[in-house]
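What follows is a walk through one protein model, taken from a single motif outwards. Please keep the sequence and the coordinates open while reading.

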Amino acid sequence: MNKILWFDIFSQSRLTIGRQCRLSCLECPIAEACGILSEPEDFAKLIQAGKTDEIIPPGKIIHLIGGDPLRYPDLPILLHTLWTYSKWVRLWTPGVISYEQWDVISPYISEVYLYCPAVTPSTYRAITGWDRFEELRDVIVFMKESKTNLTLQFPVTLESVQWLPEVHEFAKSMGTRLLIHYNHLLPFHKDTIAYIERYRLVPDVDVIAFRNRKRGFCDIPFAEHWAGWEKISFIAQELRNRLNRIFPI
Ligand code: SF4
């Protein structure tokens with residue numbers, strides 16, 4: 001597993017590898033965008049056809065997003081290919097994974113961002129349709145024990161902002177970092193924005209604000225076309241988060 005260094009963050013791309021997901025979140029932006037959760041082109045076949053260069057994005061850090069990338073059948077092949085190209089992988093996932101699968105793919109993954117929209121079983125079930133919050137907790141424990149570089153990621157919405165303290169407490173109790181992200185085009189009160197932004201000063205918490213209306217759930221601040229201002233803003237805020245870790249106020 002390669003460690004992402006601070007200067008790597010200036011060179012990032014994303015790769016969407018599948019629309020399938022075992023969860024069924026009410027406001028899934030992927031289902032909304034595509035109508036169905038479908039499978040994309042077959043990366044393994046492209047690799048075998050010698051077209052690897054066409055599918056490997058530029059940049060040092062590759063964000064793997066879906067659906068849930070863990071549902072992608074050729075994930076081990078793809079990860080190995082990225083590894084041979086010296087790419088550092090950030091995996092965005094809701095974390096429905098078997099330990100056997102994790103053993104195979106974990107050497108090729110530098111960081112995991114685990115979707116955690118709620119920390120009480122009933123709310124988690126209501127949001128995701130997945131009645132297995134305790135399984136998610138087990139995955140967190142397992143990943144921590146296997147020394148995974150793990151961050152829980154929590155989308156802040158008009159409804160979920162009330163759960164921010166308990167989500168933070170949960171992340172602390174599990175010994176993980178927490179990434180909170182919000183769409184600042186939502187009609188938050190300015191005091192609420194200030195409240196969210198104050199979390200930038202909290203140890204082991206990162207904050208990303210973005211402005212795309214469609215995205216912002218399990219694979220966070222990526223716009224439909226992650227480029228230009230949206231990408232620059234992401235990198236700038238990541239840099240700010242990293243500096244906060246080095247020089248806490
Ligand atoms: S975890 Fe993500 S991809 Fe899966 S249903 Fe929820 S929002 Fe959609």
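In this predicted model, strand E3, helix H5 and strand E4 form a β-α-β unit with right-handed handedness. E3 covers residues 88-93, H5 covers residues 99-105, and E4 covers residues 111-115. The two strands of the unit run parallel and are joined by four bridges. One pairing that can be located by residue is that of Leu91, whose bridge partner in E4 is Val112.

E4 also pairs with strand E5, residues 150-156. Here again four bridges make the connection, and the strands run parallel. On this side, Tyr115 has Gln153 of E5 as its bridge partner. E4 is thus bridged to E3 and to E5.

How many of the five residues of E4 are buried? Five of the five are, so the strand is largely enclosed by the rest of the structure. In a regular strand, side chains alternate between the two faces of the sheet. In E4, Glu111, Tyr113 and Tyr115 point one way, while Val112 and Leu114 point the other way. Residues of both sets are buried.

Leu114 leads from the strand to the core. Setting aside residues up to four places away in sequence, Leu114 touches Thr93, Gly95, Ile140, Leu150, Leu152 and Gln153. Leu114 is also one of the residues with the most contacts inside the largest nonpolar core, together with Val89, Leu178 and Ile180. That core has 46 residues. Nonpolar side chains tend to be buried together in soluble globular proteins.

A residue outside this strand gives another kind of environment. Thr81 lies in helix H4, residues 75-84. Is Thr81 buried or partly exposed? Thr81 has 19 other C-beta atoms within 10 Å, and because a buried residue needs 20 or more, Thr81 counts as partly exposed. Apart from neighbours within four places in sequence, Thr81 is in contact with Ile47 and Thr52. Its C-alpha atom is 9.6 Å from that of Ala44, which is 37 residues away along the chain.

The chain as a whole can now be described. The protein chain has 249 residues, of which 33% are buried. Its secondary structure comes to ten helices and seven strands. Of the contacts between residues at least 6 apart in sequence, 73% join residues at least 24 apart.

Methods. Residues numbered from 1 in each chain as written. Predicted model: local features only at pLDDT ≥ 70, side-chain atom pairs only at ≥ 80, totals over all residues. Core = buried A, V, L, I, M, F, W, Y, C linked by C-beta atoms within 7 Å. Buried ≥ 20, exposed ≤ 12 C-beta atoms within 10 Å, placed from the backbone. Contact = placed C-beta atoms within 7 Å. Pairing = 2+ DSSP bridges. Right-handed = clockwise from strand over helix to strand, strands pointing away.
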